[in-house]
Amino acid sequence: MTQTPDTAPGPYYVSVIRPEKPSDPRLLAGPSATHAEALANVDEATRLAQSLDPRAAFYAFGTVRTKPECNKLGILNELGRMRQ
């Protein structure tokens, strides 16, 4: 199923939620200027996360838009595993 990208201004991130901490989502990859860019990064970010942590097979991956002033790098970007 293809998701229609949100057109609201970003920044957007690939997000991850661990089942043991569902109320603690994390910014996995990003920021991306558009939702379409973040959606395009979900598969790669998921693959990279699973290669780094075998438990990631049980994690939920998606996208999230943050407040415009958020300029934090995603975890994989901080590790140098993904380009911004």
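**Strand β2, helix α1 and their surroundings**

P31 lies in strand β2. The structure described here is a predicted model. The peptide bond that joins G30 to P31 is cis, with an omega of about 10°. A cis peptide bond is also found from G10 to P11, where omega is near 15°. P11 belongs to the segment before β1, whereas P31 is part of strand β2.

Strand β2 also contains L28. The relative accessible area of L28 is 6%, and a residue counts as buried under 20%, so L28 is buried. Leaving aside residues up to four places away in sequence, L28 touches V14, S15, V16, A45, A49, F61, G74, I75, L76 and N77. Two of these contacts, A45 and A49, are among the buried residues of helix α1. L28 and M82 are 54 residues apart in sequence, yet their C-alpha atoms are 9.7 Å apart in space.

Helix α1 runs over residues 35-52 and has 18 residues. At 1.5 Å a residue, a helix of this length should span 26 Å. The C-alpha atoms at the two ends of α1 are 25 Å apart, which agrees with the expected span. The helix nevertheless has a kink of about 40°, and this kink is centred on V42. V42 is also one of the buried residues of α1.

The full set of buried residues in α1 consists of H35, A38, V42, A45, T46, L48 and A49. In general, an α-helix has 3.6 residues a turn, so residues three or four places apart point the same way. Several elements take part in covering the buried residues of α1. They include the strands β1 (12-17), β2 (26-32) and β3 (60-65), together with helix α2 (75-78).

L52 is another residue of helix α1. Its relative accessible area is 40%, which lies between the limits of 20% and 50%, and L52 is therefore partly exposed. When residues up to four places away in sequence are not counted, L52 is in contact with L76, L79 and R81. L52 also forms a nonpolar patch on the surface with I75 and L79. Together, the three residues of this patch have about 250 Å² of accessible area. L79 thus appears both as a contact of L52 and as a member of the patch. L52 and R65 are 13 residues apart in sequence, and their C-alpha atoms are 25 Å apart in space.

T66 is located in the loop between β3 and α2. With a relative accessibility of 18%, T66 falls under the 20% limit and therefore counts as buried. Apart from residues up to four places away in sequence, T66 touches G10, P11, Y13 and L27. Among these contacts are G10 and P11, the two residues joined by a cis peptide bond with omega near 15°.

Four salt bridges are present in the structure. In general, side chains of opposite charge can pair when their charged atoms come close. The side chain of D24 takes part in a salt bridge with R18, at 3.5 Å from N to O. D24 also meets R26 in a salt bridge, with an N to O distance of 2.8 Å. R18, D24 and R26 are thereby linked in a network of salt bridges. Within this network, D24 is partly exposed at 25% relative accessibility, and R26 is partly exposed at 35%.

Another of the salt bridges joins the side chains of D53 and R55, at 3.0 Å from N to O. The two partners fall into separate classes of accessibility: D53 is buried, with a relative accessible area of 17%, while R55 is exposed, with a relative accessible area of 53%. The value for R55 is over the 50% limit, which means that R55 counts as exposed.

Methods: Residues numbered from 1 in each chain as written. Predicted model: local features only at pLDDT ≥ 70, side-chain atom pairs only at ≥ 80, totals over all residues. Heavy atoms only, no water. Helix = DSSP H or I, 4+ residues; strand = E, 2+ residues; numbered from the N terminus. Expected span 1.5 Å × (residues − 1). Bend = angle between axes of the 7 residues up to and from the residue. Buried < 20%, exposed > 50% of the residue type's maximum accessible area, 1.4 Å probe, protein only. Contact = heavy atoms within 4.5 Å. Patch = residues over 30% accessible without salt bridge, like charges linked within 9 Å, V, L, I, M, F, W, Y side chains within 5 Å. Areas by Shrake-Rupley, 256 points an atom, 1.4 Å probe, with all protein chains shown as cover.
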